[in-house]
Amino acid sequence: MNKLLNLLSQNADFTTAQLASMLGESEEAVREQIETYKKQGIIKGTTTVINWDKVPGSGVKAIIELKVTPKPETGFDDIAKIVMSYDNVENVYLAASSRYDLIATVKGDTIQDIAEFVSKRLSTLDNVIGTATSFILTQYKASGMIFNTEEEEQEQRSMIL
């Protein structure tokens, strides 16, 4: 993997000066490479990883698997576009599975909100022939970040080194 992309995926807050120092490159070269990656669509944005388990009232998340009949002309793309158009859908993936075709992560205020979304929105879509919902109870790791206090502190120390 590209060293610059690897560093940015670990911490999007690194400055170009920090990145240049870690890579042994000039700040200008790093800045130009980042801009090139943005233009090519390789870097799609930056985000902050939040431990929502520690935020009171942050709602619930679920993983929803969908069994879909693909369309002859577009395959799974049309249904994926519809699923990802909903505001509460965070991620949509095409999966190589014997049971389900699409996997979506969804957020809601309550379990009932997600259940209603599945029953009234997803299950009623043309070409959706089945769903399976798993509610996320505890998040141990996301986007490469560990959410266990002891390991979290160790990770922070290793990022500084």
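Two strands are taken to pair if DSSP finds at least two bridges between them. In this predicted model, β2 and β3 are joined by five bridges and run antiparallel. One of the residue pairs in this arrangement is L94 with its bridge partner L102 in β3. The two strands belong to an open sheet of four strands, arranged in the order β2-β3-β1-β4 with antiparallel pairing. Because β2 (89-94) and β4 each have a single partner strand, they stand at the edges, and one side of each is left without a neighbour in the sheet. From one strand to the next, the twist averages 20°.

The remaining pairings of the sheet involve β1. This strand is joined to β3 by seven bridges, the two running antiparallel, and L66 stands opposite L102 in β3. L102 is also the bridge partner of L94. On the pairing with β4, eight bridges are found, again with an antiparallel course; here K67 stands opposite G130 in β4. Strand β3 is mostly covered, with five of its seven residues buried.

Two helices lie across the sheet. Helix α4 crosses β1, β2, β3 and β4 and runs at about 165° to β2. Helix α5 likewise lies across β1, β2, β3 and β4, and its direction is at about 20° to β1.

Helices and strands both contribute to the largest nonpolar core, which has 18 residues; I64, L66, V83 and L122 have the most contacts inside this core. Two or more residues are given to the core by each of β1 (60-68), α4 (77-84), β3 (102-108) and α5 (111-122). The surroundings of I64 illustrate the arrangement: when residues up to four places away in sequence are not counted, I64 touches L102, I103, A104, V106, I114, V118, L122, T131, A132 and T133. A second core of 10 residues is separate from the largest one and includes L8, L19, V30 and Y37. In soluble globular proteins, nonpolar side chains tend to be buried together.

Three of the residues named for the second core, L8, V30 and Y37, also take part in a contact between two helices. The axes of helix α1 (residues 3-10) and helix α3 (residues 27-39) come within 11 Å and cross at roughly 80°, which means that α1 is roughly perpendicular to α3. On the side of α1 the contact is made by L4, L5 and L8, and on the side of α3 by V30, Q33, I34 and Y37. By residue type, the contact comprises six nonpolar residues, one polar residue and no charged residues.

Two further residues were examined individually. T131 lies in strand β4 and is partly exposed, its relative accessible area being 27%. With neighbours within four places in sequence left aside, T131 is in contact with I64, E65, L66, Y100, V118 and S123. T131 and A17 are 114 residues apart in sequence, and their C-alpha atoms are 48 Å apart in space. N127 is located in the loop between α5 and β4 (128-136). Its phi is near 80°, a positive value in a residue other than glycine. Most residues other than glycine have a negative phi. N127 is partly exposed, with a relative accessible area of 23%.

Terms used. Residues numbered from 1 in each chain as written. Predicted model: local features only at pLDDT ≥ 70, side-chain atom pairs only at ≥ 80, totals over all residues. Heavy atoms only, no water. Axes fitted to C-alpha atoms, helices over the stretch in contact; angles between N-to-C directions. Parallel < 35°, antiparallel > 145°, perpendicular 65-115°, else oblique. Contact = heavy atoms within 4.5 Å. Nonpolar A, V, L, I, M, F, W, Y, C, P; charged D, E, K, R; others polar. Core = buried A, V, L, I, M, F, W, Y, C linked by side-chain atoms within 4.5 Å. Buried < 20%, exposed > 50% of the residue type's maximum accessible area, 1.4 Å probe, protein only.
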